[in-house]
Each structure stands twice: as structure tokens, then as C-alpha cells.
Amino acid sequence: MGSIFSYVFGYPDDNVVDPKLGLTGREKRFVQQTWNILRANSIETGVAIMTSYFKKYPQYHQVFTAFKDIPVDELSTNKKFQAHCQNIMTTLNNAFDALNDIDLMEAVLHTVGERHGRRGQNRQQFIDLKGVIMEVMKCSLKSKFSPEVEAAWDKTIDLAFSKIFEEMEKNG
């Protein structure tokens with residue numbers, strides 16, 4: 001009876017692992033639901049991620065030639081920086097919206113990898129970024145960033161970065 005109840009009132013794919021993503025239906029929903037909260041203030045979220053990244057890793061601030069001479073504490077009001085953050089968020093929106101279409105998601109992320117590979121950026125920069133993204137989400141989502149949601153995001157970001165790395169290595 002419990003399984004019929006879950007099927008009628010719940011989500012039948014909760015525990016079904018997508019073979020291409022390695023995520024269950026429940027994990028995909030966690031990611032998309034929490035991302036929708038963050039995307040509601042996309043510029044603010046993007047600015048929080050990038051300024052936190054630059055504060056924690058000042059050496060990466062210098063990679064961004066358009067912003068390297070602007071103090072980190074002044075970046076949040078800089079319109080060019082905000083536009084860059086909005087572009088990052090748009091790309092992330094496109095990737096996370098495509099969790100149910102892995103081919104589309106891969107195409108979005110391969111484009112990111114190609115661009116970053118041509119610029120000579122490396123895996124470590126993304127690995128460091130992951131920790132910052134997770135911390136910003138934890139601070140922004142508060143109690144909604146449960147251990148289960150955090151685990152779903154950990155898997156999702158690892159998957160996304162693996163797709164980016166594939167293309168970076170071809171173009172680096």
C-alpha cells in the first residue's frame with residue numbers, strides 16, 4: 001500500500017537513478033527547486049559567488065582582466081561585473097534546466113569548457129569554485145540546504161564540472 005500511496009501522491013522516479021547523470025529523480029528535483037530560489041535573484045547570487053571566490057582566492061581575481069584593478073569590495077556595484085555575473089548565472093540556469101536532457105546539458109557545459117580551455121584556465125580553479133558555490137548556497141538557502149540537498153548538489157556540480165573538464169582538456 002505504501003508504494004501505491006507514493007505513486008499516486010509522490011513522485012514515481014524518486015529513487016530511479018538516471019543512468020546518464022547518476023542522479024535520482026529526487027536529487028534532480030532538489031537541485032532544480034533550490035536553484036529556482038537562487039535564480040530569483042540571479043545577479044545577487046552571481047555577485048555573491050564571484051566576490052566570495054575572489055576573496056577566498058585573490059589570485060583568481062587577477063585572471064579577470066576587466067576587473068583585476070577593481071577592489072573586491074567595490075565589485076558588487078560595478079555594472080560590468082554584474083553583467084558578467086548575470087552571464088554566468090544564465091549559463092548555469094541553462095545547464096540546470098537541462099537536467100532532464102543530458103545531451104543539451106552537455107552541449108551547454110562543453111561550450112563553457114571550450115571557452116575556459118582556450119583562456120588557459122584549469123581544473124583547480126573550478127574545484128576551488130565548487131567549494132565557494134556550495135558555501136554561498138548554504139548561506140543563501142539556510143535550512144533548505146539540508147544534508148540531502150547538499151549531497152545532490154555535490155553530485156550535480158561534480159557531473160557538470162566533469163563535462164566542462166572534458167572540453168577544457170581538448171582546448172587547453
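A crossing of two helices is right-handed if the near helix is turned clockwise from the far one by less than a right angle, and left-handed if anticlockwise. Keep that in mind for the first two stops. The model on screen is predicted.

**Stop 1: α3 and α8**

Select helix α3, residues 42–56, and helix α8, residues 123–141. Their axes lie 9 Å apart, and the packing angle is about 120°. α3 and α8 are therefore oblique to each other. Look along the line from one helix to the other: the crossing of α3 and α8 is right-handed.

Now show side chains. On the α3 side, pick Ala 48, Ile 49, Ser 52, Tyr 53 and Lys 56. They meet Gln 125, Asp 128, Leu 129, Val 132, Ile 133 and Val 136 in α8. Colour this contact by class and you get seven nonpolar, two polar and two charged residues.

**Stop 2: α2 and α6**

Next, select helix α2 (residues 25–39) with helix α6 (residues 79–97). The axes come within 11 Å and cross at roughly 160°. Angles over 145 degrees count as roughly antiparallel. α2 and α6 are therefore roughly antiparallel to each other. The crossing of α2 and α6 is left-handed.

From α2, show Gln 32, Trp 35, Leu 38 and Arg 39. From α6, add Met 89, Leu 92, Asn 93, Phe 96 and Asp 97. The contact of α2 with α6 has five nonpolar, two polar and two charged residues.

**Stop 3: salt bridges**

The structure holds 14 salt bridges. Visit these.

- Select Lys 55 and Asp 73. Their closest N and O atoms are 3.7 Å apart. Lys 55 sits in helix α3 and Asp 73 in helix α5 (residues 72–75), so the pair links distant parts of the chain, 18 residues apart. Lys 55 and Asp 73 are both exposed.
- Move to helix α7, residues 102–118. Glu 114 and Arg 118 meet in a salt bridge, 3.0 Å from N to O. Being four residues apart, the two are separated by about one helical turn. Glu 114 is partly exposed, at 30% relative accessibility. Arg 118 is exposed, at 54%.
- Go on to helix α9, residues 147–171. Glu 166 bridges to Lys 163, with the closest N and O atoms 3.6 Å apart. The partners are three residues apart, about one turn of the helix. Which of the classes, buried or exposed, fits Lys 163? Lys 163 is buried, because its relative accessible area is 12% and the cut-off for buried is under 20%. Glu 166 is partly exposed, at 36%.

**Last stop: a network**

Select Asp 14, Arg 26, Arg 29 and Glu 148 together. Salt bridges with shared partners join these four residues into one network.

Definitions and conventions. Residues numbered from 1 in each chain as written. Predicted model: local features only at pLDDT ≥ 70, side-chain atom pairs only at ≥ 80, totals over all residues. Heavy atoms only, no water. Axes fitted to C-alpha atoms, helices over the stretch in contact; angles between N-to-C directions. Parallel < 35°, antiparallel > 145°, perpendicular 65-115°, else oblique. Contact = heavy atoms within 4.5 Å. Nonpolar A, V, L, I, M, F, W, Y, C, P; charged D, E, K, R; others polar. Salt bridge = Lys/Arg side-chain N within 4 Å of Asp/Glu carboxyl O. Buried < 20%, exposed > 50% of the residue type's maximum accessible area, 1.4 Å probe, protein only.
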